[in-house]
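These are my notes on the model, set out as numbered points for a colleague who has the coordinates open. Please read them alongside the structure shown here.

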Amino acid sequence: MSAVSVQNLTLSFGENTVFKNVSFEIGNKDKVGLVGVNGAGKTSLFKVIKGEYQPDDGACFVGKNTRLGYMEQHTCSDNKTVYDELISVFDDLIKAEKELEEIAARLTKEPSSQLIARQDILTEEFQKNGGLTYKSLTRSSLLGLGFDEKDFDMPTSKLSGGQRSKLILAKLLLSRADFLLLDEPTNHLDISAVEWLEGFLSSFSGAYIVVSHDRYFLDRVTNKTIEIDNGRMRSYSGNYSVFLAKKEAEQKAIREKYENDLKEIERLEGIVAQQRQWNREKNIKTAESKEKVIERIRSQLVAPDTLARRIRFDFAPKCVSGEDVLEVRELSKSFGGKTVFDGVSFDIKRGDRVFLLGDNGCGKTTLLKILMKDLFPDGGKFKFGANVFTGYFDQVQAKLDLKKTALDEVWSAFPFMTETAIRNALAAFLFRGDDVYKKLESCSGGERARIALLKLMLGRYNFLLLDEPTNHLDAFSREELENTLLNYSGTMLIVSHDRYFVNKLATSILELTTNGVKLFLGNYDDYAEKREVKIKENKKSAEPKINDYKLKKERASNIRKLKTRLSRLEDEIDGAETKTSELEMMLTQAMPYEELLEITRELEELTKQKNALYLEWERLSEELTTAEE
């Protein structure tokens with residue numbers, strides 16, 4: 001059964017066609033990753049599904065019983081606490097719960113069959129719609145997305161932009177929609193919050209489409225991938241990694257056939273030219289026959305996808321550093337009396353690719369700024385090795401002069417380069433033609449990030465300190481950056497939430513905490529596995545030791561209690577059966593109508609009691625069997 005069906009969809013803005021004649025279906029259990037370069041039309045497709053954009057041709061059908069959910073639906077009021085704002089998505093359950101409390105209070109004073117009937121109906125609906133779990137779900141969602149208990153009573157008006165986005169995401173996830181449109185849901189989330197989101201989506205019973213540059217996230221939460229490329233859409237079964245492998249195999253086959261077809265056309269054209277040169281009737285017929293074959297091959301030609309414009313990186317360092325690149329000892333930093341981190345010590349050797357991980361707010365960016373001397377530590381020291389030249393990528397690009405054009409910003413940093421060389425470098429980073437005269441203040445975050453990366457590349461440093469370098473890059477540009485850094489001969493210290501990026505590059509991971517750093521050798525998968533083992537060990541050590549003798553005594557005591565209760569139940573059941581037989585015997589005798597009704601009512605009550613006793617007996621019998629085993 002389809003949740004969404006797209007048929008021959010075409011969408012244009014002026015002369016620009018976003019996509020043309022695309023069709024696909026999404027089942028009510030499909031978990032879809034929507035991928036494509038920036039500007040390919042992913043958000044536009046969302047707006048067509050939501051009904052915000054009307055297509056030029058074709059149609060998009062949302063299932064009749066499909067409840068659509070998307071982030072723009074859910075906003076934050078400024079006069080509620082964080083907890084009250086999130087739990088407001090369950091207003092119908094809160095209302096039902098209050099009504100049930102009112103009914104219970106009235107029944108104690110004035111029993112009524114109508115009230116009891118209403119109570120039964122309302123209780124069934126309440127439990128069916130999640131009434132027993134909505135409060136715990138609200139709390140666990142807030143904690144999972146990085147809110148502390150103390151944040152629950154915080155007014156939403158005091159939330160940061162990132163916190164507000166998290167709260168809106170939480171409202172979407174709890175909205176009970178069964179088809180979600182998720183546009184970059186991992187933005188503003190640290191790794192632990194992303195892992196919580198992955199768990200939530202893995203257990204989500206409906207369908208969703210997710211747009212994300214987080215490829216590790218896509219691998220874990222999708223079972224189908226739709227790619228938008230050059231106005232076309234292709235659907236692949238499988239997650240992002242499966243999609244990449246399938247697409248590469250598909251494109252390889254298309255490229256090989258395309259090249260072979262072109263060679264065949266060239267060969268046939270040579271024959272045609274030769275036959276026409278001889279100019280006999282037989283030769284002319286042969287030439288015409290070959291031309292028909294050429295036309296048939298041309299009509300069936302399928303060209304491989306043209307390569308999208310991608311950034312071309314080259315971070316080759318101008319010289320080799322010494323073996324010891326960085327030594328950090330007992331660094332500490334506080335802000336406003338609050339300790340960010342303390343006792344941070346580690347060493348980095350030449351060629352290391354070290355990733356600094358930790359929750360949001362743990363001080364990762366602060367540590368990099370201390371190393372770049374933009375901030376001063378409260379204690380400790382650090383030392384760079386011989387012949388080390390550091391290049392720093394700041395995730396907010398604070399050092400860019402926004403009043404300058406892209407050309408002037410790069411040229412002022414490297415005045416010895418010619419204008420042609422600067423323009424060629426800018427072209428490699430997708431600034432072509434008049435784009436080079438665009439002022440940075442009017443550039444997008446992604447464009448500014450590309451300028452900062454270009455300056456970093458031209459510096460030819462041998463030690464790169466990178467703070468979230470993949471932010472604002474699409475998946476394909478991230479892959480270009482990864483492949484370049486894999487071949488980079490220098491040393492790296494990188495802060496990143498992109499686990500796919502970490503997994504591909506890391507030789508070691510430093511987990512930053514308030515009390516220092518923990519070193520993990522290997523990539524992200526190695527780190528996650530070791531961390532999981534450590535968590536289990538900590539839980540095990542925290543559990544109280546089991547006293548076998550005490551446990552046996554408690555089990556024996558429990559078995560005796562169960563047998564005693566079962567014996568009493570059997571006596572009660574025998575008594576009820578005897579009483580039932582007596583009443584049934586009385587019904588066979590002649591008696592006034594009032595007495596007949598009274599015995600009938602008594603029999604009905606007795607039958608209910610017997611049913612309850614039998615259910616209790618079955619439950620306790622199963623419990624006794626389990627206890628004895």
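1. Throughout this note, helices (H or I, at least four residues) and strands (E, at least two) are DSSP runs, numbered from the N terminus. The model is a predicted one, in which local features need pLDDT of at least 70 and side-chain atom pairs count only at pLDDT 80 or more, while totals for chains, interfaces and linings use all residues. Residues are numbered from 1 along each chain as its sequence is written, and side-chain values use heavy atoms, with hydrogens and water left out.

2. I begin with V22, which belongs to strand β2, residues 16-27. Its relative accessibility is 3%, and V22 therefore counts as buried, where buried means under 20% relative accessible area, exposed over 50%, and partly exposed in between (1.4 Å probe, protein chains only). Once neighbours within four places in sequence are set aside, V22 is in contact with V6, Q7, N8, L9, G231, R232 and M233; contact here means heavy atoms within 4.5 Å. Of these partners, N8 is 14 residues away from V22 along the chain, and the two C-alpha atoms are separated by 4.8 Å.

3. One open sheet has 6 strands in the order β5-β6-β7-β3-β8-β9, and its pairing is mixed; two strands pair if DSSP finds at least two bridges between them. Its edge strands are β5 (68-70) and β9 (232-237), each of which pairs on one side only. Neighbouring strands of this sheet are turned against each other by 20° on average, with direction ignored; axes are lines fitted to C-alpha atoms, for helices over the stretch in contact, and angles run from 0 to 180 degrees between N-to-C directions. Within the sheet, β6 (residues 179-183) and β7 (residues 207-211) run parallel and are joined by 5 bridges, with L181 standing opposite I209 in β7. Helix α9 (residues 240-278) lies across β3 (31-35), β8 (224-229) and β9, and runs at about 115° to β9.

4. A further open sheet of 6 strands has the order β14-β15-β16-β12-β17-β18, again with mixed pairing. The edges are taken by β14 (390-393) and β18 (516-521), each with a single partner strand, so that one side of each is left without a neighbour in the sheet. From one strand to the next the twist averages 15°. Strands β15 (residues 463-467) and β16 (residues 491-495) run parallel and are joined by 5 bridges, and L466 stands opposite I494 in β16. Helix α14 lies across β14 and β15, running at about 175° to β14.

5. S508 lies in β17, residues 508-513, and counts as buried at 8% relative accessibility. Leaving aside neighbours within four places in sequence, the contacts of S508 are with R353, V354, F355, L519, F520, L521 and G522.

6. How do helices α12 and α14 cross? The axes of α12 (residues 406-413) and α14 (residues 445-458) come within 10 Å and cross at roughly 25°. The two helices are therefore roughly parallel to each other, given that angles under 35 degrees count as roughly parallel, over 145 as roughly antiparallel, 65 to 115 as roughly perpendicular and the rest as oblique. The contact is made by A406, E409, V410 and A413 of α12 together with I451, L454, K455 and L458 of α14. By class, this contact has 6 nonpolar, no polar and 2 charged residues, where Ala, Val, Leu, Ile, Met, Phe, Trp, Tyr, Cys and Pro count as nonpolar, Asp, Glu, Lys and Arg as charged, and the others, Gly among them, as polar.

7. Strands β10 (residues 324-335) and β11 (residues 338-349) pair in the antiparallel sense over 8 bridges, and the bridge partner of K333 in β11 is F341. The two strands form a hairpin with 2 residues between them, and G336 in the turn has a positive phi of about 60°.

8. Two backbone angles deserve a look, since most residues other than glycine have a negative phi. E184, which is not a glycine, has a positive phi of about 50°; E184 lies in the loop between β6 and α7 (191-202) and is buried, with a relative accessible area of 16%. N387, also a residue other than glycine, has a positive phi near 60°. N387 lies in the loop between β13 (379-384) and β14 and is partly exposed, with a relative accessible area of 41%.
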